[in-house]
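Here is a short briefing for the bench, to read with the model open beside you. Take it one topic at a time and find each residue as you go.

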Amino acid sequence: MNIVKTVRELRAAVAHARSEDKRIGFVPTMGNLHDGHAALVEKASQRVDFVVASIFVNPLQFGPKEDLASYPRTLEADKERLLQAGCNLLFAPSVEEMYPHGLAGQTLVSVSGVSEGLCGASRPGHFDGVATVVCKLFNMVQPDLAIFGQKDFQQLAVIRTLVSDLNMPIQIIGEPTVRATDGLALSSRNGYLDAVQRSAAPAIYRTLSDMVNAIQAGAADYSKLITAGLAALQAAGFRPDYLEIRQADTLKAATAEDQQLVILVAAFVGSTRLIDNIAFTRTLSA
Ligand code: AMP
């Protein structure tokens, strides 16, 4: 696996792969890699000839009171994981390499619609930061396809919209969320949890699963379901940020007629904010 830190080296390595007629796949990450990230890289290596991963903790997508400074940085362990998963090229730039003119004057890419509400409401500017860095990375790598996790469901919707609205010739693939055996979605932020918080954390997925089961059993009063779900989260020691039932494709509020649904949650345990979701097809009762 080749490791590069500059855009110039990245472009040269990708150009070399292209000269050998290789199809390029791309997996952007913020590092501190776990099995969820590895699954994306493995998927990419099955689908293309040359897999590029990036590790960059993007300051543009963190709010002033968020965890930019404490976000785990574990480059040596990450390199080993990427190698095992089939990555060919790792791009690990500095902040100066990505934003040579600083953050303040940076041109921003703003995706409307799907970036509003949910995490977009709780984290102002977050999706502008995500869309901007992904747009830059796409222009640097120019991959044929890029793979993202469904764990960040709204982010995936933002990227799909970005690529469609700006006519980028890149296929976007969403991969299922990888979970711990107790259901907790793997996340770099799980490392912030102490033992008590970690043992409470599966309540997030349990609450989502209970809501899906209730809907499949015929429950149609979504506001009542949400009230019950919020109470379950609170009882488990969480401070819910949001819990919503939306249309899976548009992220608009779900109506009783919609079949493609997603239930999305963000909740704090202590100062750690965790997100999760389940997308599913509602089986209409006869
Ligand atoms: P991050 O490093 O958190 O920015 O995530 C990089 C990519 O990995 C994003 O596309 C995430 O959606 C994806 N990802 C993070 N956690 C998981 C997980 N548990 N399962 C699948 N994909 C994930």
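What follows covers the ligand site and then a pocket in this predicted model.

The protein buries most of the ligand's surface: of the 490 Å² that the ligand exposes when taken alone, 92% is covered. Three polar contacts with the ligand are worth finding on screen, made by His37, Gly149 and Val178.

**Polar contacts with the ligand**
- His37 uses its side chain, with a polar atom 2.9 Å from a ligand oxygen atom.
- Gly149 comes in through its backbone, where an N or O atom sits 2.9 Å from an oxygen atom of the ligand.
- Val178 also offers a backbone N or O atom, and this one is 2.8 Å from a nitrogen atom of the ligand.

**The shell around the ligand**
- There are 17 residues around the ligand, and those that come nearest are Met30, Gly149, Asp152, Val178 and Leu186.
- By class, the shell has eight nonpolar, seven polar and two charged residues.
- Strand 2 (24-29), helix 2 (35-47) and strand 5 (145-149) each bring at least two residues to the shell.
- Helix 2 is the top contributor to the shell, with three residues.

**The second largest pocket**
- This pocket holds about 250 Å³ of space.
- Its lining is made up of 17 residues, with Ile55, Phe56, Val57, Arg73 and Pro93 nearest the centre.
- Ten of the lining residues are nonpolar, four are polar and three are charged.

Methods:
Residues are numbered from 1 along each chain as its sequence is written. This is a predicted model: local features need pLDDT of at least 70, side-chain atom pairs count only at pLDDT 80 or more; totals for chains, interfaces and linings use all residues. Side-chain values use heavy atoms; hydrogens and water are left out. On a 1 Å grid over the protein atoms alone, a cavity is a set of points where a 1.4 Å probe fits but cannot get out, and a pocket is an open set with protein on both sides within 12 Å along at least five of seven lines; lining residues have an atom within 4 Å of a point. Grid points are joined across faces, edges and corners, and a volume is the space filled by probe spheres set on the points. Ala, Val, Leu, Ile, Met, Phe, Trp, Tyr, Cys and Pro count as nonpolar, Asp, Glu, Lys and Arg as charged, and the others, Gly among them, as polar. A residue is near a molecule or strand if one of its heavy atoms lies within 4 Å of it. A polar contact is a pair of N or O atoms within 3.5 Å; within protein, one must be able to donate a hydrogen and the other to accept it, and residues adjacent in sequence count only if both atoms are side-chain atoms. Accessible areas come from the Shrake-Rupley method with a 1.4 Å probe; for residues, only the protein chains shown count as cover. Helices (H or I, at least four residues) and strands (E, at least two) are DSSP runs, numbered from the N terminus.
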